[in-house]
Amino acid sequence: MLRKFASFHIEFAIIGDFSSYTSKPLKDFIYECNKGNNVFFVPSEQEAIDNLSKAL
């Protein structure tokens with residue numbers, strides 16, 4: 001699903017506390033997403049707005 005959004009250049013943020021997840025693959029996935037320009041995993045609405053503003 002995320003690949004579809006990326007292929008159509010749709011940027012979005014997923015807001016939440018992801019610190020409780022211990023899965024290394026999931027943490028790596030979140031890290032890689034946050035390095036890009038399409039999908040962001042962030043802890044607050046303000047960070048989502050900031051990241052999405054930069055992506056434009």
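These legends describe an overall view and several close-ups of one predicted model.

Residues are numbered from 1 along each chain as its sequence is written. In this predicted model, local features need pLDDT of at least 70, side-chain atom pairs count only at pLDDT 80 or more, and totals for chains, interfaces and linings use all residues, while side-chain values use heavy atoms, with hydrogens and water left out.

**View 1. The whole chain, in the order α-β-α-β-α.** The protein has three helices and two strands. Both are DSSP runs numbered from the N terminus: helices are H or I with at least four residues, strands are E with at least two. The C-alpha trace spans about 30 × 25 × 15 Å along its principal axes. The radius of gyration is 11 Å, which agrees with the value near 10 Å for a compact globule of 56 residues. That radius is taken over C-alpha atoms, and the globule rule is 2.2 Å times the number of residues to the power 0.38. Among contacts between residues at least 6 apart in sequence, 63% join residues at least 24 apart. Contact means heavy atoms within 4.5 Å.

**View 2. The largest nonpolar core.** Five residues form this core: Phe12, Ile30, Cys33, Val39 and Phe41. Helix 2 (24–35) and strand 2 (39–42) each supply at least two of them. A nonpolar core is a set of buried Ala, Val, Leu, Ile, Met, Phe, Trp, Tyr and Cys residues joined through side-chain atoms within 4.5 Å. Buried means under 20% relative accessible area, exposed over 50%, and partly exposed in between (1.4 Å probe, protein chains only). In soluble globular proteins, nonpolar side chains tend to be buried together. Buried residues make up 16% of the 56 residues here. Leaving aside neighbours within four places in sequence, Phe41 contacts Ile14, Phe18, Phe29, Ile30, Cys33 and Asn34.

**View 3. Two salt bridges in helix 2.** A salt bridge places a side-chain nitrogen of Lys or Arg within 4 Å of a carboxyl oxygen of Asp or Glu. Lys24 and Asp28 meet at 3.1 Å, N to O. They are four residues apart in helix 2, so about one helical turn separates them. Lys24 is exposed at 57% relative accessibility; Asp28 is partly exposed at 35%. Glu32 and Lys35 form a salt bridge at 3.9 Å, N to O. This pair is three residues apart in helix 2, again about one helical turn. Glu32 is partly exposed at 46%, and Lys35 is exposed at 52%.

**View 4. Helix 3 and its surroundings.** Glu45 belongs to helix 3 (residues 45–55). Glu45 is exposed, with a relative accessible area of 56%. The C-alpha atoms of Glu45 and Ala13 are 8.7 Å apart, although 32 residues separate them along the chain. Asn51 also sits in helix 3. Asn51 is buried, at 18% relative accessible area. Not counting residues up to four places away in sequence, Asn51 touches Phe40 and Val42.

**View 5. His9, a residue with positive phi.** His9 lies in the loop between helix 1 (2–7) and strand 1 (12–15). Its phi is near 55 degrees, a positive value in a residue other than glycine. His9 is exposed, with a relative accessible area of 60%.
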